[in-house]
Amino acid sequence: MLDIRYIKENKETVKKALHDKQLEGTVDIDELVNLHDTYSELLRKVELHRNLRNSLSKDISRVSPEEKAKLLDEAKNVKEELQEMEEELKNLKERIDGMMLWVPNVPAADVPYGENEEGNKVIKQDGTLPEFTFKPKDHLDLGESLGIIDTKRGAKLGGFRSYFLAGKGMLLEQAILRFALDHMIQQGFTPMNVPVMLDKKYFVGTGYFPWGSEDHYTTQEGQALVGTAEVSLTSYYADEVLDESQLPVLLTGQSPCFRREVGGYGKDTKGVFRVHYFTKVEQVVLLPEGEDLSREWHDKMLGYAEDILKALRLPYRVLLMCTGDMGAGQRKKYDIETWFPSQESYKETHSDSYFLEFQARRLNIRYKDREGKLKYVSTINNTVAATPRLLAAVLENYQQEDGSVSVPEVLRSYTGFDKIEPAR
RNA sequence: GGAGGGGUCGCAUAGUGGUCUAGUGCGGCGGUCUUGAAAACCGCUAUAGCCGCAAGGUUAUCGUGGGUUCGAAUCCCACCCCCUCCGCCA
């Protein structure tokens, strides 16, 4: 959420953000500003009227019985007038609040303009592409021949985009996750196990709602299932006031992630690349205000994710996402894409975004600065490792001519084995 | 799921319709005293908005949302959360 004062003073900037993020038509900024002006004017009138009511009430309690009757009549009139005005005020407020939720964050100055993913810029590439003396299999073929990925039975039980991981595949997944978690702990992050069914307000708070509500499952109780631990971790301090000395808050959490993947029916249909349920280690940072600081941490957190890929010796590249391919709430976003030999292309495995105060305003997370002034924190989040997608990358990149898959060296102390061989 | 108790200022607690403009204690900040400190004493001690150059005034907020009333922390309704006990359960 942006400050209404900012929106009023920077109408054209906000309109441009709507346009650049391909969100035109979702909210009318002129209408919003006009409504808010009307609201402010009415609010002033209402407050004057409340003042009148309050002073009349006070008089009634002090005055003699004879005078009382007269004042009571007057007070009743004021009350009725006030009720009408307050009704209108409430309606205005609801409309404004509803519209405010649709106002996106303004992209940072260095975010390139683009209508879709084609506008993204590759800004970094790392790792040597593996060379195979044979035609590399895709992760599903590998997983099936190794007996570690079973999408057929997954689909039998849970429908399309469900899967089983079995045996050493399951253990390798756990190794990746634990390795990733350990790396973040080494960076000073606090590991967290988080709730994954949350009140919808936290999805609004993190900016997943209203834009992405279609992609979330809901419970009978009206909660939604998280698509990422970011929602839980970022909301951890919702409605709280931190002291500046507590910042930066560094959290890492592992959680199941649930995504309906509506609108993506034809996309990535093979294997376990795009699934309804996966596991992810996420990193979230809360910072004092200041864009320079956020940018510094944004890059630093990108580095933590790169560390994982480097340690796994997986080739990857980093994309600076364009306006049309970033989230409504995001200020700037990097995606990391990891090499998938079977497709001879890089595929998204990580996403790193900073928000400035956008999420903190919605979630009401503030801190007291050194002068005792209350300010909103700035938030950033990034993937550390998401499986089975990253597992799939490991399988493909580490496959051997004999059909086996060797285990990345850094994971061997976690797995206890150094290769996965074809099932008999 | 059932029964009972409870949610008030940073913390603890008082407050059953009108000086509640929310009392008191603790903590915190400032001051007096002191060589210094402690103790004692005095003062201050929320957030957001509006009007105002300022001083100040004003509106809202006692878990949340409705309602009753001229007036609600206080009465009524719904919901949320916490505690105790019972049931169920990894």
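User: Which definition does the pair formed by lysine 270 and aspartate 138 rest on?

Analyst: A salt bridge is a side-chain nitrogen of Lys or Arg lying within 4 Å of a carboxyl oxygen of Asp or Glu. In this predicted model, lysine 270 and aspartate 138 form such a salt bridge, and their closest N and O atoms are 2.6 Å apart. The cut-off that the pair has to meet is therefore 4 Å.

User: How many residues apart in sequence are the parts that lysine 270 and aspartate 138 tie together?

Analyst: The structure holds 29 salt bridges, and one of them joins lysine 270 to aspartate 138. Lysine 270 sits in the loop between strand 8 (249-258) and strand 9 (277-287), whereas aspartate 138 belongs to the loop between strand 1 (121-126) and helix 5 (139-145), so the parts tied together are 132 residues apart in sequence.

User: Which residue in the loop between strand 8 and strand 9 has a positive phi although it is a residue other than glycine?

Analyst: Most residues other than glycine have a negative phi. In the loop between strand 8 and strand 9 is a residue whose phi is near 55°, a positive value. That residue is glutamate 261.

User: Which residue caps the N-terminal end of helix 6, and which residue takes a positive phi just after this helix?

Analyst: At the N-terminal end of helix 6 (residues 151-158), a side-chain oxygen of the capping residue, aspartate 150, lies 3.2 Å from the backbone nitrogen of lysine 152. Just after helix 6 comes a residue with a positive phi of about 85°. The cap is thus aspartate 150, and the residue after the helix is glycine 159.

User: What are the omega values of the cis peptide bonds that lead to proline 210 and proline 388?

Analyst: Most peptide bonds are trans. Proline 210, in the loop between helix 8 (201-206) and strand 6 (224-225), is joined to phenylalanine 209 by a cis bond. Proline 388, in the loop between strand 15 (378-387) and helix 12 (389-397), follows threonine 387 through a cis bond. Omega is about 5° for the bond to proline 210 and near 15° for the bond to proline 388.

User: Which three residues supply 82% of the area that domain 1 buries against domain 2?

Analyst: The domain assignment of chain A gives domain 1 (4-100) and domain 2 (117-420), with 43 Å between their centres, taken over C-alpha atoms. Contact involves 5 residues of domain 1 and 9 residues of domain 2, and the two domains bury about 440 Å² between them, 52% of it on carbon and sulfur atoms. The three residues that supply 82% of the area buried by domain 1, more than any other three, are Asp20, Lys21 and Leu23.

User: How many residue pairs are in polar contact across the interface of domain 1 and domain 2?

Analyst: Salt bridges between domain 1 and domain 2 number 0. On the side of domain 1 that touches domain 2, the classes are 2 nonpolar, 1 polar and 2 charged residues. The number of residue pairs in polar contact across the interface is 5.

User: Which element gives the most residues to the surface near RNA strand B?

Analyst: Among the 17 residues around RNA strand B, those that come nearest are Glu47, Arg50, Arg53, Ser57 and Lys76. A polar side-chain atom of glutamate 47 is 2.7 Å from a base nitrogen, while one of arginine 53 is 3.0 Å from a phosphate oxygen. Two elements, helix 3 (29-62) and helix 4 (65-100), give two or more residues to this surface. The most, 9 residues, come from helix 3.

User: What percentage of the atoms of RNA strand B within 4 Å of the protein belong to sugar or phosphate?

Analyst: Arginine 5 has a side-chain N or O atom 3.3 Å from a phosphate oxygen of RNA strand B. The protein surface near the strand has 4 nonpolar, 4 polar and 9 charged residues. Of the strand's atoms within 4 Å of the protein, the share belonging to sugar or phosphate is 71%.

Technical notes. Residues are numbered from 1 along each chain as its sequence is written. Chains are lettered from A and ligands numbered from 1 in the order in which they are written. This is a predicted model: local features need pLDDT of at least 70, side-chain atom pairs count only at pLDDT 80 or more; totals for chains, interfaces and linings use all residues. Side-chain values use heavy atoms; hydrogens and water are left out. A residue is near a molecule or strand if one of its heavy atoms lies within 4 Å of it. A polar contact is a pair of N or O atoms within 3.5 Å; within protein, one must be able to donate a hydrogen and the other to accept it, and residues adjacent in sequence count only if both atoms are side-chain atoms. Helices (H or I, at least four residues) and strands (E, at least two) are DSSP runs, numbered from the N terminus. Ala, Val, Leu, Ile, Met, Phe, Trp, Tyr, Cys and Pro count as nonpolar, Asp, Glu, Lys and Arg as charged, and the others, Gly among them, as polar. Domain bounds come from an automatic or database domain assignment. Contact means heavy atoms within 4.5 Å. Buried area is the accessible area (1.4 Å probe) that two parts lose on being put together, summed over both.
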